[in-house]
Amino acid sequence: MSIPLKLGYVLIIVLLFGSLAVLYQFQLTKLQDKLEQLESNQNRNEVILRTEKNIIEDKDLVILYNRVPKTGSTSFVGVAYDLCKKNKFHVLHVNISANSHTVTLENQIKFIHNVTNWRSIKPALYHGHFAFFDFSKFGASKPLFINLIRKPLDRFISYYYFVRYGDNYRPYLIRKKHGNTMTFEECVNKQLPECDPNNMWLQIPFFCGHAANCWKPGNKWALNEAKKNLINNYFLVGLTEQLEEFIQLLELSLPRFFKGATDHFQHSNRSHLRQTVQKDLPSEETLEKIKTSTVWQMENEFYDFALDQFNFVKKFIMKNKGQVVMYEKIRPKV
């Protein structure tokens with residue numbers, strides 16, 4: 001056999017083994033990729049399962065609803081009371097003496113201690129008419145704050161008639177202005193203290209907190225602080241005018257508490273639970289007179305701020321209901 005022929009055979013054999021080596025390396029790489037993918041999926045599923053398990057078994061979750069008066073809070077709390085047994089959580093009313101909206105430092109410490117350490121009650125939803133206070137200021141972990149607000153003038157007028165005529169929730173209860181039949185419009189025209197626009201200053205201080213400036217009607221710092229707290233310290237703030245949507249978002253975000261809440265709200269009497277018995281709507285002229293006040297303008301600015309935030313959150317949640325957060329490429333391997 002000639003030398004060129006031998007070289008040809010050698011070359012063919014080298015090429016054949018080279019091709020086999022390349023093919024083997026390709027298959028090996030492909031197999032490694034599949035193994036890594038399977039491992040990644042397994043890790044991901046383990047993390048998702050652990051996350052879901054933690055959510056289901058989380059017995060330390062606390063929601064704090066520092067409810068603003070005359071914003072539909074009774075209707076909302078009624079839903080929570082109806083669901084608490086079925087969904088296995090507790091609901092507690094925080095009743096402060098003399099209907100005070102602020103809490104002393106001593107009682108803030110006691111309240112925070114109880115909320116944090118009363119484990120037999122957890123998970124729990126606390127509700128009451130009191131202003132925001134920061135748990136982290138006292139070295140404690142924060143609960144999930146939620147709230148509802150209402151168009152300020154609507155809330156103001158509703159409260160004016162509520163203290164005169166009561167509501168259909170407890171019609172037998174005699175209110176403090178019982179027998180006083182003066183309309184809101186007459187009160188404004190007579191410039192009486194009870195319908196002074198400064199009395200509208202309530203939703204801002206409820207979100208601002210316990211600082212002195214929070215309770216000074218028309219204080220710009222209080223408005224800014226209320227906005228900051230709404231964004232930084234509240235899980236969700238809804239609107240009386242969109243109460244059903246508020247409940248729907250809570251059910252999507254916190255099913256541990258609110259599973260079934262939307263359907264219950266739609267098919268029970270909770271959506272119309274508490275209404276002021278009598279309200280005489282004032283004229284446009286009277287409304288415009290109120291709207292010239294600094295307090296109304298600031299309270300309305302805060303309402304519009306909350307409205308924009310709620311609609312933003314609502315749009316994002318409804319658009320991304322199927323969103324899943326996954327954890328991949330975990331090292332060292334678990």
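## Overview

A residue counts as buried when its relative accessible area is under 20%, and as exposed when that area is over 50%; in between it is partly exposed. By this rule, 40% of the 334 residues of the chain are buried. The model is predicted, and every value below is computed from it.

The chain has twelve helices and five strands. Its accessible surface is about 19,700 Å², and carbon and sulfur atoms make up 56% of that area. Among contacts with a separation of 6 or more, 75% are between residues 24 or more positions apart.

## The sheet

The five strands form an open sheet in the order β2-β3-β1-β4-β5, and the pairing is parallel. Two strands stand at the edges, β2 (90-93) and β5 (234-239). Each of these has a single partner strand, so one side of each is left without a neighbour in the sheet. From one strand to the next, the twist averages 20°.

Strand β4 (residues 144-149) pairs with β1 in the parallel sense over three bridges. In this pairing, Leu-64 has Phe-145 of β4 as its bridge partner. β4 also runs parallel to β5, and five bridges join these two strands. Here Ile-146 stands opposite Leu-236 in β5.

β5 is an edge strand, yet five of its six residues are buried. Helix α8 (residues 243-253) lies across β4 and β5, and runs at about 155° to β5.

## Helix α3

Helix α3 covers residues 105-117, which is 13 residues. At 1.5 Å a residue the helix should span 18 Å, and its end C-alpha atoms are 18 Å apart, so the expected and computed spans agree.

Which residues of α3 are buried? They are Gln-108, Phe-111, Ile-112 and Val-115. Seen down the axis of α3, these buried residues fall within an arc of 100°, so they line one face of the helix. An α-helix has 3.6 residues a turn, so residues three or four places apart point the same way. The cover over the buried residues of α3 includes β1 (62-66) and β3 (124-128).

## Helices α8 and α12

Helix α12 consists of 26 residues, 294-319. The expected span at 1.5 Å a residue is 38 Å, and the end C-alpha atoms are 38 Å apart, so the two values agree here as well. The buried residues of α12 include Trp-296, Phe-302, Tyr-303, Phe-310 and Ile-317.

One contact of Phe-310 is with Glu-245, a residue of helix α8. Leaving aside neighbours within four places in sequence, Glu-245 is in contact with Phe-310 and Lys-314. Glu-245 and Phe-310 are 65 residues apart along the chain, and their C-alpha atoms are separated by 9.7 Å. Is Glu-245 buried, partly exposed or exposed? Its relative accessibility is 29%, so Glu-245 counts as partly exposed.

## His-210 and its contacts

His-210 lies in the loop between α6 (203-208) and α7 (220-233). With a relative accessibility of 29%, His-210 counts as partly exposed.

Not counting residues up to four places away in sequence, His-210 touches Thr-102, Val-103, Gln-108, Ala-131, Phe-132, Phe-133 and Trp-215. Among these, Gln-108 is one of the buried residues of α3. Thr-104 is 106 residues from His-210 in sequence, but the C-alpha atoms of the two are 9.1 Å apart in space.

## Backbone exceptions

Most residues other than glycine have a negative phi, and most peptide bonds are trans. Some places in this chain depart from that pattern.

Two peptide bonds are worth noting. The bond from Lys-122 to Pro-123 is cis, with omega near -10°, and Pro-123 sits in the loop between α3 and β3. The bond from Arg-331 to Pro-332 is also cis, again with omega near -10°; Pro-332 belongs to the segment after α12.

Ala-98 is not a glycine, but has a positive phi of about 60°. Ala-98 is in the loop between β2 and α3 and counts as exposed, at 79% relative accessibility. Gln-191 has a positive phi of about 55° and is not a glycine either. Gln-191 is in the loop between α5 (184-189) and α6, and its relative accessible area of 70% makes it exposed.

Key
Residues are numbered from 1 along each chain as its sequence is written. This is a predicted model: local features need pLDDT of at least 70, side-chain atom pairs count only at pLDDT 80 or more; totals for chains, interfaces and linings use all residues. Side-chain values use heavy atoms; hydrogens and water are left out. Helices (H or I, at least four residues) and strands (E, at least two) are DSSP runs, numbered from the N terminus. The expected span of a helix is 1.5 Å times one less than its number of residues. Buried means under 20% relative accessible area, exposed over 50%, partly exposed in between (1.4 Å probe, protein chains only). The arc is that of the directions from the helix axis to the C-beta atoms. Contact means heavy atoms within 4.5 Å. Two strands pair if DSSP finds at least two bridges between them. Axes are lines fitted to C-alpha atoms, for helices over the stretch in contact, and angles run from 0 to 180 degrees between N-to-C directions. Accessible areas come from the Shrake-Rupley method with a 1.4 Å probe; for residues, only the protein chains shown count as cover.
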